[in-house]
Amino acid sequence: MIITTSAYPRAALIGNPSDGYFGKTIAFTFSNFRASATLYETPELVIEPGPRDGSTFFSIEDLANDVKLYGYYGGIRLIKAAIKCFYDYAARNGISLHKRNFTLRYESNIPNLVGLAGSSAIITASMRAIMAFYGVTIPNARLANLIRDVENVELGISAGLQDRVAQAYQGLVYMDFDRKLLESRGYGEYKSISADLMPPLYIAYRTDLSEGSEVFHNNIRDRFYSGDSVVVDAMNYWAELTDKAMVAINNKDYSELGRLMDANFDRRAELYQLSEGNLRMVEVARRAGASAKFSGSGGAIVGICPDDATFERLTASLEKLHVKVLRPNLI
């Protein structure tokens, strides 16, 4: 028996720039790229290295570029941590696992360093394959928490719920990370939205080994938890925009949705120090006639591009910045 599973990149349509502030977001997954996991029974448990786990290089420059893309640890640590978290989940919940072993390998063509949740997609695809092998079903809300734990708890990587919720549910998802819900039951309120309600979207991402825009985050999290009114007000503002966007989506008021998406980014630019390259993407996209905001932590943008003429203009303008443009296939 060969099990093959997939997970897809995530783009944040609107809401908090990060989801650790008990706010609200709308995000979607799209199938233009994917991470996949293949698992089959073998005498021993084996994790096969993927492209980001290589240790042979054409040159010293090739090695340096590989480290920029994948870091020093590649993808095997993600898989090991996913298996460990699944095992712990089963033990906590009294789930008996059979004793057969497996080989698992992964691959991904999701662009790196552009905030499209490529690492969590690898974890999600792997977790789905492991669940299928052991015949274990985990509700999506709980699965998102488990996927977050792979990075947060096992690997010490800061990771929020938005990416994992979107990838666990797949498609277009509204998320309310209400503090009382998170603290009482461990997850927020998540609702799937029909993709048929969406306007023509585009995603554009940098191809020049982009840096994320907010590695330093300007101590935003510390300021939020210390009650800084500027930060708290901004988080409330983004939550309000999310609810307004939900109304616009239901009414198919795409002009209003585009205005809200622009406002989402504009407030972000007031609060965060953003890199010049990422700011430039947004400026050029808006001049071409599209709305534009970050699709994640920087390196990629998302917006409404209403027609083919605007899309061609947008593509031509952004290509000069080494930025690739596509129409996302929501899934």
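User: In this predicted model, is the crossing of α2 and α3 left-handed or right-handed?
Analyst: Helix α2 covers residues 76–92, and its axis comes within 9 Å of the axis of α3. The two axes cross at roughly 45°, which makes α2 oblique to α3. The sense in which α2 passes α3 is right-handed.

User: Which residues of α3 make the contact with α2?
Analyst: Two sides have to be listed for this contact. From α2 come L78, I79, A82, I83 and F86. From α3 come S119, I122, I123, S126, M127, I130, M131 and Y134.

User: How many residues in the contact of α2 with α3 are nonpolar?
Analyst: The contact of α2 with α3 has no charged residues. It has 2 polar residues. The nonpolar residues number 11.

User: At what angle do the axes of α3 and α4 cross?
Analyst: The axes of α3 and α4 come within 10 Å. The helices are oblique to each other, because angles over 115 and up to 145 degrees fall outside the perpendicular and antiparallel classes. α3 passes α4 in a right-handed crossing. The crossing angle is roughly 120°.

User: Which residues of α4 make the contact with α3?
Analyst: On the α3 side, the contact is made by S119, S120, I123, T124, M127 and M131. By class, the contact of α3 with α4 divides into 7 nonpolar, 3 polar and 1 charged. The α4 side consists of L143, L146, I147, V150 and E151.

User: How far apart are the axes of α4 and α5?
Analyst: Helix α4 spans residues 140–154 and helix α5 spans residues 162–169. They pack at an angle of about 135°, and are therefore oblique to each other. Their crossing is right-handed. The distance between their axes is 8 Å.

User: Which residues of α5 meet α4?
Analyst: From α4, the residues in this contact are N140, A141, L143, A144, I147, R148 and E151. The residues of the contact of α4 with α5 divide into 7 nonpolar, 1 polar and 3 charged. Those on the α5 side are R164, V165, A168 and Y169.

User: Which strands are at the edges of the sheet with the order β1-β4-β6-β5?
Analyst: This open sheet has 4 strands, and its pairing is mixed. An edge strand pairs on one side only. The two edge strands are β1 (2–7) and β5 (46–47).

User: Do β5 and β6 run parallel or antiparallel?
Analyst: Elsewhere in the sheet, β1 and β4 (residues 35–42) run antiparallel, joined by 6 bridges. β4 and β6 also run antiparallel, joined by 8 bridges. Between β5 and β6 there are 2 bridges, and the strands run parallel.

User: Which residue in β6 stands opposite S36?
Analyst: Bridge partners can be named for several pairs of strands. In β4, the partner of T5 is A37. I47 stands opposite L104 in β6. The residue of β6 opposite S36 is E107.

User: Which helix lies across β1, β4 and β6?
Analyst: The strand β6 covers 101–108. The helix in question covers residues 118–134 and runs at about 145° to β1. The helix is α3.

User: Why is one side of β2 and of β8 left without a neighbour in the sheet?
Analyst: The sheet is open, with 4 strands in the order β2-β3-β7-β8 and antiparallel pairing. β2 (10–15) and β8 (189–193) stand at its edges. One side of each lacks a neighbour because each has a single partner strand.

User: What is the average twist in the sheet with the order β2-β3-β7-β8?
Analyst: The 4 strands of this open sheet pair in the antiparallel sense. From one strand to the next, the twist averages 25°.

User: Which residue in β3 is the bridge partner of G15?
Analyst: β2 and β3 (residues 24–29) pair over 5 bridges. Their sense is antiparallel. In β3, the partner of G15 is T25.

User: Over which residues does pLDDT stay under 50?
Analyst: The protein chain averages a pLDDT of 93, and 97% of the residues score at least 70. Where pLDDT is low, the predicted coordinates should not be read in detail. For one stretch the model has 17 contacts beyond four places in sequence, with pLDDT under 50. That stretch is residues 212–216.

Technical notes
Residues are numbered from 1 along each chain as its sequence is written. This is a predicted model: local features need pLDDT of at least 70, side-chain atom pairs count only at pLDDT 80 or more; totals for chains, interfaces and linings use all residues. Side-chain values use heavy atoms; hydrogens and water are left out. pLDDT is the predictor's confidence in each residue, from 0 to 100. Contact means heavy atoms within 4.5 Å. Axes are lines fitted to C-alpha atoms, for helices over the stretch in contact, and angles run from 0 to 180 degrees between N-to-C directions. Angles under 35 degrees count as roughly parallel, over 145 as roughly antiparallel, 65 to 115 as roughly perpendicular and the rest as oblique. A crossing is left-handed if the near helix is turned anticlockwise from the far one by less than a right angle, and right-handed if clockwise. Ala, Val, Leu, Ile, Met, Phe, Trp, Tyr, Cys and Pro count as nonpolar, Asp, Glu, Lys and Arg as charged, and the others, Gly among them, as polar. Two strands pair if DSSP finds at least two bridges between them.
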